[in-house]
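Work through the following exercises with the sequence and the 3D view side by side, and try each task before reading its solution.

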Amino acid sequence: MASIVRNFEADFDGAFRRADLAHAILSRLKKRLAPLGRPLRLMEVCGTHTVAISRSGLRSLLAPEVELVSGPGCPVCVTAQGEIDAMLDLAGRPGVTVATFGDMMRVPGSRGSLNDARAAGARVAVVYSAMDAVRMAAETPGEHVVFLGVGFETTAPGTALALEEAARSGIRNFYVYAAHKLVPPALEALLADKNLRLHGFVLPGHVSVVLGRRAYDLVAARGVAAVIGGFEPVDILLAVDRVAAMVMEGRAGVENAYSRAVSEEGNVAAREAISRCFAPADADWRGLGRIPASGLALRGHLSSHDAAGRFGILPAHVPDPPGCSCGAVLRGKMRPTDCALFGGRCCPESPVGPCMVSTEGACSAYYRFERGGEVRE
Amino acid sequence: MNSATERVLLAHGDGGLLTAKLVDEVFLKNLGGQAAGGLLDAAILDGRGRGGSRGGRRRLALTTDSFVVKPVFFPGGDIGSLAVHGTVNDLASVGACPLALSAAFILEEGLEVAVLQRVVASMGKAAARVGVPIVTGDTKVVEKGAADGLFINTTGLGEILPAADLSFGRLRPGDRVLVSGSVGDHGVAVLSQRKGLAFETPVISDSAPLFDLVRPLLERAPGVKFLRDPTRGGLATTLKEIAASAGEVDIVIEEDRIPVRPAVAGACEILGLDPLYLANEGKIIVVVEESGAAEALRILRGHPLGADAAEVGRVEAGRGDLWLVTSLGGTKRLDRLTGEQLPRIC
C-alpha cells in the first residue's frame, strides 16, 4: 500500500484533468451532435464512471446534448437479495467473522444490512483486499473467516490469489462466499432487450484492463456503438465523443479510448487466475434477474474453502423488494425520479433498492444531484 | 426513527445525516431544545453570568465532547491532546476564550498505566499551551471488552469575546467563505494507522487549538459573521449544515480554491475517499462579509495555523443548498455525509 500511495503522488499525470482540454472536447462533441436534434442517450456501464461523472460535475456540462444513464456496473448494486441474505446468515453463525469490502455494509437484504448485523453483535470486519482476510484467518486460527467475494473481473483475480495462498499455506479457516459477477454476459442480456432505448455504451475501463478490448466482439456483433473509457474527466469525454462520432456516422463496433491501460488481449495472468479457481455459473443479478454463466463458482479442488458448502448456505431466489423499480432503472428504461419509492421510502440513509445504496448507484446520484434541478438556476 | 427495531449504527456517529437524525429524533425530542440544524458547537448561556464582571453582561459558553479515536496515538497527536483541542475549538467556534475544562476517563480493564500516563501528560501539555486549567474530573473503569482502551470526555466553559457577534441569521448573499488551511489531514493521518490499512504517508494530523487564531479575527477583522470547525463530516458536511441553518441562502464553493495537500489527495484517490468529507481538528471555517474578506484572510495567514488559509466560496441567495463548482467548471450539489466513508471495490 505504501508504495502505491507514493507512486501515485509521483506519477500522476494531470493532463487527463485539464479543464482546457475538457472544454475543447466538449465543444467539438456538442457541435458534432447538433444534427441529432435530441439528446444522445448513452449508458455508462461502470459504477466508477458514474462516480467520476458526478465528482467532476460532467453531468451538468454534458446536458442537455448528452444524457448519461447508469447501467448495471456497480457490483454492490447488482448483488442479489438472496446473496445478501446468505451473507447475513453467515454473519450470524457462531465462530464466524465475515470480512468484506466496505461498500457491502449498507446493502439491505430482506432482514437488514451487514451494518445492522454488526450493530446486533455479528462479527463483521471491513477489509481492503481478500489477502487481508487471509491474514486475519492466519492470525485467528480459532475463528472461521469468510471473505465475501463480490465485484467483477476486477476483484475476482484478487479473490482467486487469496484462495490459492490459503490453500498453499494450509490456512483452513479461510473461506470465500462466491458472489462475483461477469460483465460481458450482463451486457449481452441488456442487448437482447429489443426495447432498450440507448444510442450506445461507454464500457468500463478497469474491467477491460483484465478482459481486453477483444472480449467485447460479441457486443460489437449486435450492431451497437461502444467505447472503452478511462476514469479521468478528459478520458470520459473522449469516450463519449467517440461514441457520438460512431452514432452520427452510423458505425457499430467497440473502440478503445483508454489504450494507455487497456490492450487487445487484456491481462491474461489475471484471467488465468480466475479460471484456475472458478468455473462460470448462472447468477442472480439484482434488478436483472438470473443470467446464464454470469457468475463464478469455486472449483472442486477448493471446495473446502467454499463458505456456501462449509456452512450449508443454500442458494435462494429472493424477489426484489416490492415497489422497487431498480430493474427498469438498471436497464435504462426508467428514470429514478419516476419510481414511486424515490425520495420517499427510498433515500440514501434508508435505501430500499440497490441503486440507492451505493454512491455509484443511479438513484443515489439522481437523489443528490438532480432533485430540484441539477444545474443551479 | 423506528425505535422498536432500529439499532445504533457506527454511521450514527459520523457527524452526517444519521447523526443529525439521532440528535433530532432522540435527544432534542426528549431533552428539549431547538431543531438540530440550528445547534451551535457550544451552548451560549446568555446573561447567566450577571454580576460576574464589571460594566456589563458576561456571555458564557458551555460545550462537551467525548473522544474515542482509534488508534489512541496517531501522527501529529493523540487522544489526550485531541480531547483538549476538540473542546477548546468548539468554544472558539462561538468566539469564546476557554476558562476551564473538566476531564472524565472511561478506562478498560487491562489498559497499560504507561499508556494512560502518556495520554494524560499530553493532555496536560496541551491544556498548558492553551492556558486553560483542567479543574475537575472523573474516572471509571469497565471490564475488559466493555470499552476499547480508553475514552475521554471533556467539558469546556468559556467566555465569549465582547467583539463576537456570530449567528447563522447574519449570513447574507455576497458574504465570503474562508477556510484556515488544508482539509482532510486529520482523517488521512488517523486512517493511515488503522489496523489492516496501515500505509506510509507524510501527512500528520492538524490537531491544534484555534482560539489564538480566532481572537485577532474577531477583534480586528470587520464583519465576521460565523465560525465553525469542520470536524466529523468534514468541510462539506459542515458547510451544508451552515447553509441549511442560515435560511434563504446557498453556499457555493470552488474545488480549485480548496486547499488539499497532494499527499492527502493521493491517499484519497487510492482509498476512494473525498477530502471534503474527511475530519479536521485544527481548521476553522469563517463566513465574513465581502468587504472584510481580504483583511480576515490577511489576519488568518499571519498566524502559523492559518498560513494556508484561502477564500473558498461565497454565500448566495438560495434554499439552504451547498454547491461545488468543480475544476472542470461543472456544478454539483453536495449533501451531508451519508454513512461512513468507505472504500470502493471496483
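**Exercise 1.** In what order do the four strands of the open sheet of chain A lie, and is their pairing parallel or antiparallel?

**Solution.** Bear in mind that this is a predicted model. Reading across the open sheet, the order is E4-E3-E5-E6 of chain A, and the pairing is parallel. Next, find the edges: strand E4 (123-126) and strand E6 (174-178) of chain A each pair on one side only. From one strand to the next, the twist averages 30°.

Now look at a single pair, in which strand E3 (residues 96-100) of chain A runs parallel to E4(A) and is joined to it by four bridges. Within this pair, A:Val98 stands opposite A:Val124 in E4(A). Finally, add the helix: H6 (residues 81-91) of chain A packs on the sheet, where it touches E3, E4, strand E5 (144-149) and E6 of chain A, and its direction makes about 140° with that of E3(A).

**Exercise 2.** Describe how the two domains assigned to chain A meet.

**Solution.** Begin with the bounds, which are 16-326 for domain 1 and 327-369 for domain 2 of chain A. The centres of these domains, taken over C-alpha atoms, are separated by 18 Å. Then count the contacts, counting two residues when their C-beta atoms lie within 7 Å: 33 residues of domain 1 of chain A are in contact with 23 residues of domain 2 of chain A.

On the domain 1 side, helix H3 (47-56), strand E2 (66-73) and helix H5 (75-78) of chain A are the elements that give two or more residues, and H3(A) gives the most, with five residues. By class, this side has 17 nonpolar, nine polar and seven charged residues.

Key:
Residues are numbered from 1 along each chain as its sequence is written. Chains are lettered from A and ligands numbered from 1 in the order in which they are written. This is a predicted model: local features need pLDDT of at least 70, side-chain atom pairs count only at pLDDT 80 or more; totals for chains, interfaces and linings use all residues. Domain bounds come from an automatic or database domain assignment. Ala, Val, Leu, Ile, Met, Phe, Trp, Tyr, Cys and Pro count as nonpolar, Asp, Glu, Lys and Arg as charged, and the others, Gly among them, as polar. Two strands pair if DSSP finds at least two bridges between them. Axes are lines fitted to C-alpha atoms, for helices over the stretch in contact, and angles run from 0 to 180 degrees between N-to-C directions.
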